[in-house]
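Student: Got a minute to walk through this one with me? I'd like the overall layout, then some individual residues.

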Amino acid sequence: MTIEDYEFIIEELQKVIGDAKALVAKFEAENADESMPAEYHKVHALYQRAVKSQKAYTHAMLDLVESEPSVLNQLCRES
């Protein structure tokens, strides 16, 4: 995978995280977490999986940067 691939996946996961956070907040504001606990837990589990995946992809991207100095040079030139 390239840095661009990692960045794309991380950005898409951030969208999922934001959507899930908003939905969890809406559940809680409307007390749906109590009236629909199974659905609430599914949304919360989705949020947790997205955060975990984003963390893993971020670490993998950093490992790539660390192992290939040319990637770091390319990133520095783009900034």
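**Surface, fold and residues**

Tutor: Start with the surface. The protein chain exposes about 5,800 Å², and carbon and sulfur atoms supply 56% of that area. Keep in mind that this is a predicted model.

Student: How many helices and strands are there in the protein chain?

Tutor: There are 4 helices and 0 strands. Along the sequence the pattern reads α-α-α-α.

Student: What radius of gyration does the protein chain have, against a compact globule of 79 residues?

Tutor: The chain has 17 Å, whereas a compact globule of 79 residues would be near 12 Å. The spans of the C-alpha trace along its principal axes are about 55 × 20 × 15 Å.

Student: What share of the residues is buried?

Tutor: Buried residues account for 22% of the 79 in the protein chain.

Student: And contacts? Of those between residues at least 6 apart in sequence, what share joins residues at least 24 apart?

Tutor: That share is 68%.

Student: Switching to charges. How many are positive and how many negative?

Tutor: The protein chain has 8 positive and 15 negative charges. Their mean positions are 4 Å apart.

Student: Now helix 1. What should its 27 residues span, at 1.5 Å a residue?

Tutor: Helix 1 covers residues 3-29 and should span 39 Å. The C-alpha atoms at its ends are 39 Å apart, so the expected span and the model agree.

Student: Which residues of helix 1 are buried?

Tutor: I3, Y6, I10, L13, I17, A20, V24 and F27.

Student: Is K15 buried or partly exposed?

Tutor: K15 is in helix 1. K15 counts as partly exposed because its relative accessible area is 49%, and exposed would need over 50%.

Student: How far apart are the C-alpha atoms of K15 and A50?

Tutor: They are separated by 9.5 Å, with the two positions 35 residues apart along the chain. A50 is one of the buried residues of helix 3.

Student: Where is G18, and how far is its C-alpha atom from that of E4?

Tutor: G18 is in helix 1. The C-alpha atoms of G18 and E4 are separated by 21 Å, and the two residues are 14 apart along the chain. G18 is partly exposed, at 31% relative accessibility.

Student: What happens just after helix 1?

Tutor: N31 takes a positive phi of about 55° there. N31 sits in the loop between helix 1 and helix 2, which runs 32-35.

Student: Why point out that phi of N31?

Tutor: N31 has a positive value in a residue other than glycine. Most residues other than glycine have a negative phi. As for cover, N31 is partly exposed, at 45% relative accessibility.

Student: On to helix 3. What should its 31 residues span?

Tutor: At 1.5 Å a residue, 45 Å. The end C-alpha atoms of helix 3 are 45 Å apart, so that agrees too.

Student: Which residues of helix 3 are buried?

Tutor: Y40, V43, A50, Q54, M61, L64 and V65.

Student: Why does Q54 count as buried?

Tutor: Because its relative accessible area is 15%, and buried means under 20%. Q54 lies in helix 3, residues 37-67.

Student: What is Q54 in contact with, leaving aside neighbours within four places in sequence?

Tutor: I10, L13, Q14 and I17. Of these partners, I10, L13 and I17 are among the buried residues of helix 1.

Student: And L64, which residues is that in contact with, again beyond four places in sequence?

Tutor: L64 is in contact with M1, T2, I3 and Y6. I3 and Y6 are among the buried residues of helix 1. L64 and M1 are 63 residues apart in sequence, yet 8.9 Å apart in space, C-alpha to C-alpha.

Student: How accessible is L64?

Tutor: L64 has a relative accessible area of 14%, so it is buried.

Student: Last one, K52. Is K52 buried or exposed?

Tutor: K52 is exposed, at 65% relative accessibility. K52 is found in helix 3. K52 and H41 are 11 residues apart in sequence and 16 Å apart in space, C-alpha to C-alpha.

Notes
Residues are numbered from 1 along each chain as its sequence is written. This is a predicted model: local features need pLDDT of at least 70, side-chain atom pairs count only at pLDDT 80 or more; totals for chains, interfaces and linings use all residues. Side-chain values use heavy atoms; hydrogens and water are left out. Helices (H or I, at least four residues) and strands (E, at least two) are DSSP runs, numbered from the N terminus. The radius of gyration is taken over C-alpha atoms; the globule rule is 2.2 Å times the number of residues to the power 0.38. Buried means under 20% relative accessible area, exposed over 50%, partly exposed in between (1.4 Å probe, protein chains only). Contact means heavy atoms within 4.5 Å. Accessible areas come from the Shrake-Rupley method with a 1.4 Å probe; for residues, only the protein chains shown count as cover. Lys and Arg count as positive and Asp and Glu as negative; His and the chain ends are not counted. The place of a charge is taken as NZ of Lys, CZ of Arg, CG of Asp or CD of Glu. The expected span of a helix is 1.5 Å times one less than its number of residues.
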